[in-house]
Amino acid sequence: LCDNVGRRLRARGLVCQTVQLTIRDPEFHNRSRQVTLTQPTNSTRALFETTLALLRAHWPMNKPVRLLTVITMTVIISLLVILMLIYLSFAAASALAPWVGEAVGFLIVAGAYFLLLLLFITFRKQWIEKPLVKFLASILLS
């Protein structure tokens, strides 16, 4: 799993700084721990070593693990939001400028991003967490 995450990060030219480990125990309770790395990385070895350290520190090795996930969402989401804000903000504000003026155009764009942020926070479990867990579970259980 760490190899897949590292490969996808490298393929997209991204790095992560937060590694999160989520374990579902046999009683279907989720236990989640995360660590922020001192240096951003896309190295499979660094991801694996960090995940293994989290696992050893927070999970008795004699207990069965139902679901083990490595999540690097913090940096990926941050990069996507930054890129979106840069490119779409200027394009949308420029498109609105002839009708409402440049300053009001940027205010409209900022309001739209704020609404998107609220939607993202409200529906994060349905949009991100559940599909990601299903995908990772299918990889681990196949």
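Colleague: In which strand is the place of Thr 22?

Modeller: The model is a predicted one. In it, the place of Thr 22 is in strand β1.

Colleague: Is Thr 22 buried or exposed?

Modeller: The relative accessible area of Thr 22 is 11%. A residue counts as buried under 20% and as exposed over 50%. Thr 22 is therefore buried.

Colleague: With which side chains does the side chain of Thr 22 make a polar contact?

Modeller: One polar contact, of 3.3 Å, joins the side chain of Thr 22 to that of Ser 32. Another, of 3.4 Å, is made with the side chain of Gln 20. The names asked for are Ser 32 and Gln 20.

Colleague: Which element gives the largest share of the largest nonpolar core?

Modeller: This core has 8 residues: Cys 2, Val 5, Leu 9, Leu 14, Cys 16, Val 19, Leu 37 and Leu 47. Two elements, α1 (2-11) and β1 (16-24), give two or more residues to it. The largest share is 3 residues, and it comes from α1.

Colleague: How many residues are in the other core, apart from that one?

Modeller: Among the residues of this other core are Leu 21, Ile 23, Leu 54 and Leu 55. In soluble globular proteins, nonpolar side chains tend to be buried together. The number of residues in the other core is 5.

Colleague: Why do the buried residues of α1 line one face of the helix?

Modeller: The buried residues of α1 are Cys 2, Val 5, Gly 6 and Leu 9. An α-helix has 3.6 residues a turn, so residues three or four places apart point the same way. Seen down the axis of α1, the buried residues line one face because they fall within an arc of 95°.

Colleague: Is Val 5 buried or exposed?

Modeller: Val 5 is found in helix α1. Its relative accessibility is 6%, and the cut-off for a buried residue is under 20%. Val 5 therefore counts as buried.

Colleague: What separates the C-alpha atoms of Val 5 and Asn 42?

Modeller: Along the chain, Val 5 and Asn 42 are 37 residues apart. In space, their C-alpha atoms are separated by 8.1 Å.

Colleague: Is α1 parallel, perpendicular or oblique to α2?

Modeller: The axes of α1 and helix α2 (residues 44-58) come within 8 Å and cross at roughly 140°. Angles over 145 degrees count as roughly antiparallel, and 65 to 115 as roughly perpendicular. The angle here therefore makes α1 oblique to α2.

Colleague: Does α1 pass α2 in a left-handed or a right-handed crossing?

Modeller: The two axes come within 8 Å. The crossing in which α1 passes α2 is right-handed.

Terms used:
Residues numbered from 1 in each chain as written. Predicted model: local features only at pLDDT ≥ 70, side-chain atom pairs only at ≥ 80, totals over all residues. Heavy atoms only, no water. Core = buried A, V, L, I, M, F, W, Y, C linked by side-chain atoms within 4.5 Å. Buried < 20%, exposed > 50% of the residue type's maximum accessible area, 1.4 Å probe, protein only. Helix = DSSP H or I, 4+ residues; strand = E, 2+ residues; numbered from the N terminus. Polar contact = N/O pair within 3.5 Å; in protein donor to acceptor, adjacent residues only side chain to side chain. Arc of directions from axis to C-beta. Axes fitted to C-alpha atoms, helices over the stretch in contact; angles between N-to-C directions. Parallel < 35°, antiparallel > 145°, perpendicular 65-115°, else oblique. Left-handed = near helix turned anticlockwise from the far one by under 90°.
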